[in-house]
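Q: I should like to learn how to read the pockets, cores and cavities of a structure. Could we work through an example together?

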Amino acid sequence: MDLPEIVRPRDLADAVRLTGEGGKPLVGGTDLFVRLRKGAERPPFLVYVGELPELRGIHETEGGVEIGAAATHVEILSAPATAQLPILRLALATIGSPALRHMGTLGGNVVNASPAGDGLVPLYLLGAQVNVVGPARERSLPVEEFVLGPGRTALQPGELIRSLTIPLPRDGAHPYFRKVGRRQALLIAVASLGALVWVEDGAVREARLALGSVAPTVLRPREVERALVGRPLTVEALAELRDALSSAVRPISDLRASADYRRRVSGNLLLDLSSLASG
Amino acid sequence: MTRRSGGESDPIVGTPVPRLDAEAKVRGEARYADDLAFAGMVHVKTIRSERPHARIVRLDLSGVESAPGVVGIATVADIPGENIVPIIYRDMPLLAAGVVRYVGEPLALVAAETRDAAREAAARARVAYEDLPAVFDPRDALAHGAPPIARPDAADEGNAFNHMVIRKGDVAQGFAQADVIVEGEYEVGYQEHAYLEPQGVVAVPEDGGMTVYGTLQCPFYVQNAVANVLGLPLARVRIVQTCTGGGFGGKEDVPSHLAALAAVVAWKLRRPAKLVLDRSEDIATTSKRHPGSIRYRTGARRDGTLTAVEVEFYYNAGAYQTLSSAVLWRGLVHAPGPYRIPNVKVDAYSVATNTVPCGAFRGFGSPQVIFAHESQMDELARRLGMDPLELRAKNALRVGDETATGQVLTESVGLGACLAKAREISRWEEVQAEVAAFNRRERFKRRGVGVSTVMYGVGMGAKAPLLDKAGAYLKLEADGSVTLAVGTTEMGQGAETVLVQIAADGLGVPVGMVRVAPVDTSRVPDSGPTVASRTTTVQGMAVLDAARRLRLRIEDAVRAILGCPTFTVAGHRFCHPQDPARSVSFAEVARWMWTRNWDMGVTGWAEGKPVDWDPATGHGNAYFVYSYACHIALVEVDLLTGETRVNRFWAVHDSGRIVNPATARGQVIGGIAQGIGYALMEELPSRDGRILAPSFTSYHIPTARDVPAGIAVAFVEAPYSGGPFGAKGLGEVPLMASHAAVANAVSSATGGRLRAYPAIPERVLDLVAKGA
């Protein structure tokens, strides 16, 4: 494969300028190189942003954590600041393989905008903000508004992700993440369910659910979230909402699974939240 | 049979000698096909058919020839010899002439200064096709009025490349005697070899002939194919195997085709020509395991005694014969399983379709039918209310029994011992109880245990006895080190280590003194292919033959040096029996021989014991000996998702004497991993003869996390008189047994019955729904 030229920017402003000229930002390349090899994308050159200080680092902020777009999954998993975000760690630990987690970044996972993006599921649950820099201004938008569809984002030409700001959830959230497929690693989810559930006096006080690979983007089934409130986390109580969740998803059939299977499994996984009651 | 005087040094056969090729591979120093470069070398890309069945109306390569970096092109007109890749039949052209029969069939070749230039140039080919009716399913291909795909001179009838039978006893009577009859249809799809190193060759014109270096299993096949397309005598064609990163059968026949393609370019351009496939071209256009449909019927008495088996199965061979007749024959012989069955009827068909030719893959036509026969045994056990291990033990072949082909087993049948050992090491009763307790306790998970027993005919068998031979050349160097040349190949299976152990043990030298030369067709006689789990047995006998001859010569020298008709051995020194102070080392003996102009080279030769076959009845001594195995798998199924995980595995093998327990254990664990993939995840969908996603993104093979940490491997060694130190074959057997144990475990866990591979979560969830 002939790689496009890789340019190393002097600083963030330079990176923005180069991106504006059509350069494609590169850090780990775990998704990008696959696309280049397929010819799905033919940028004139690549902009290696992996060493820009503004894109690096994982810091605690007022009420949250800010993660540089070029932070790798392994860096995020081992950063003390993310100890307060177990749902993020649960999800990132399932990405690819050790090699991919060492190279790949959460910023890349967001910009790749795959409905199967394991990193996106916790970001949807936590209401993360995507901080974008561009030639004109910096802006910040919720991840749900940033991701528009499979591989499509709100990034304008010349813009790149600088960081992600993740608000800390209220105390007491039970985290849940489960990814479904035919093997234990190096797996693109056929369906996934992430959840944050707060339980009080044996009943759900608040529930957030996010599903991957069952719609054009990661999906928050808000009606089911609301319907969970007040219910106990028992199999029987959850089973009453199984069909509602199966109808909330909008899956397709592809080589990995049928739409029908994805629908069934989405509903079934809801029952698995009963494991949170004991854990 | 002379054995060296014995006791003088520690035995080497039977010890876990570390893999001799491991260090170079781990260090990254091993040189694979794509690592080779020659001055003036061009890179070749194959221009391939886009259509499954079509007449080529026009092949316009003007854009290809004028593309940047292009050195030249080659078409059918540039083939100096015959436009045929000879394998078993002579039906497959090197380059399609007039008609294409599968998507990916080679049409022409382009050579360029770089690989990228060759690829880009190839994309500029303009081909005008006139589509012909195409069929992709064997049932359609055999239907009345189906378009002819098979060449009449390469097919038994119509598109049935081959129809083979076994007729033993009277199945109607056998089923009439049965108290219980089970019946099922089983479906399996492709399995891709997924060797680490893709296919690759470099053809180098030299000395008026052609030398081809490549990643390959069967150098003598390649030599024959290259000589045929170049129209050269075999002596002008030399094949050198490069370090080979896996084969599993995928490098049995395919390298013949690729080497011949590269050789035609090299011959025309008079420049070295490299042809290396990238992964997607490799998956899309090279051989894989035959998809199969198997209808199976088994009858038994109430006490579990088998009375009859009736099997009809169809393998999708693809557009050309390649190895399908041999694959089918092995499937035929193995279809009844390792059991005593008085009445057997098997009909086996391999069928031409407009798909990529299927070929050899570890197990060679047997895993498909093993899935069926082992599923049947479990269905039968359930119907009879019998323990599945006990049902198998009751019917398992023993010494003195007659196989389904009427062969009386005279020695080395360790099947009963395998079953007993498997029961013991798995703690069979306790495991069943633990599983039952788990299943009572868990709401959304179910565990299941599955058994599988197999037999495996070692060697080429009665379908191709001419190929069951091997040559070896041993050369004692002046310093006492030893060079060994063999005609069979190391492809990652550990052959080099095992053969060196046999040579070292036969000679009485340490392993470190023996070095294996690269396999080169110019060094040793045609040794047949490296397939059929025959290397340790047949090549090992040739090495032992050479070692014994050389040892006799060395002992003559020792007697001459010591001036004494007898001698003793201590460590690696030969001593005068009366005067131990008078002694001579192995190296000193070698030096002595060298200074006196002794002949220090010996050849060894071996061939498999006689076999015979009557194709009309399917009677005969199909193979000279059989290996056996019993596998037990414990799986856990998630009832919410259908995901299946293999938690534990127990594998017991009789492959005769185990030459190297460490490499043998590696073979078994690798075969278990491959079987887990076959049973649970590997799937290569195609539409209209086109492989839809030829990449590892969607073709899932097991990762380290999908293979259980708890694998217990044991060997029961029933020695075989025709193998070196009593060894039989092992290579293919672990894969053959493992998948069926996993499949039976899935059925047991779900309460349903798995009748199609792979048991992906979606299919398992359906089983759960049906089993509930």
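Q: Between which domains of chain B does the second largest pocket lie, and why is it placed there?
A: One asks which domains supply the lining. In this predicted model, domain 1 (22–30 + 469–607) and domain 2 (33–133 + 208–274) of chain B both give residues to the lining of the second largest pocket, so the pocket lies between them. The domain assignment of chain B also gives domain 3 (412–462 + 625–772).

Q: Which residues lie nearest the centre of the second largest pocket, and which element gives the most to its lining?
A: The volume is about 830 Å³, and 31 residues line the pocket. Nearest its centre lie Cys243(B), Glu496(B), Arg515(B), Val516(B) and Pro518(B). Two or more lining residues come from each of helix 1 (22–26), strand 11 (237–241), helix 14 (495–507) and strand 19 (514–516) of chain B. Helix 14 of chain B gives the most, with four residues. By class, the lining has 18 nonpolar, six polar and seven charged residues.

Q: How should the largest nonpolar core be read, and which domains of chain B does it draw from?
A: One begins with its membership and then turns to the elements that supply it. The core has 165 residues, and Phe313(B), Ile554(B) and Val742(B) have the most contacts inside it. Helix 15 (residues 535–562) of chain B is the element that gives the most, with eleven residues. At least three residues come from each of domain 1 and domain 3 of chain B. Between these two domains, 16 residues of domain 1 are in contact with 19 residues of domain 3, while the domain centres, taken over C-alpha atoms, are 38 Å apart.

Q: What is Val742(B) in contact with, leaving aside its neighbours within four places in sequence?
A: The contacts of Val742(B) are Ala633(B), Val635(B), Val646(B), Phe649(B), Ile676(B), Ala679(B) and Leu680(B). Another core, of 52 residues, lies apart from the largest one and includes Leu12(A), Ala81(A), Leu123(A) and Tyr124(A).

Q: How many cavities of 30 Å³ or more are found, and what lines the largest cavity?
A: The search of the whole structure finds ten. The largest cavity has a volume of about 160 Å³. Its lining has 14 residues, with Tyr102(B), Val254(B), His257(B), Thr285(B) and Thr286(B) closest to the centre. Helix 7 (residues 254–269) of chain B gives the largest share, four residues.

Q: Which residues lie nearest the centre of the second largest cavity?
A: They are Gly181(A), Arg182(A), Val190(A), Arg256(A) and Pro761(B), among 14 lining residues. The volume of the second largest cavity is about 110 Å³.

Methods. Residues are numbered from 1 along each chain as its sequence is written. Chains are lettered from A and ligands numbered from 1 in the order in which they are written. This is a predicted model: local features need pLDDT of at least 70, side-chain atom pairs count only at pLDDT 80 or more; totals for chains, interfaces and linings use all residues. Side-chain values use heavy atoms; hydrogens and water are left out. A nonpolar core is a set of buried Ala, Val, Leu, Ile, Met, Phe, Trp, Tyr and Cys residues joined through side-chain atoms within 4.5 Å. Buried means under 20% relative accessible area, exposed over 50%, partly exposed in between (1.4 Å probe, protein chains only). Domain bounds come from an automatic or database domain assignment. Contact means heavy atoms within 4.5 Å. On a 1 Å grid over the protein atoms alone, a cavity is a set of points where a 1.4 Å probe fits but cannot get out, and a pocket is an open set with protein on both sides within 12 Å along at least five of seven lines; lining residues have an atom within 4 Å of a point. Grid points are joined across faces, edges and corners, and a volume is the space filled by probe spheres set on the points. Ala, Val, Leu, Ile, Met, Phe, Trp, Tyr, Cys and Pro count as nonpolar, Asp, Glu, Lys and Arg as charged, and the others, Gly among them, as polar.
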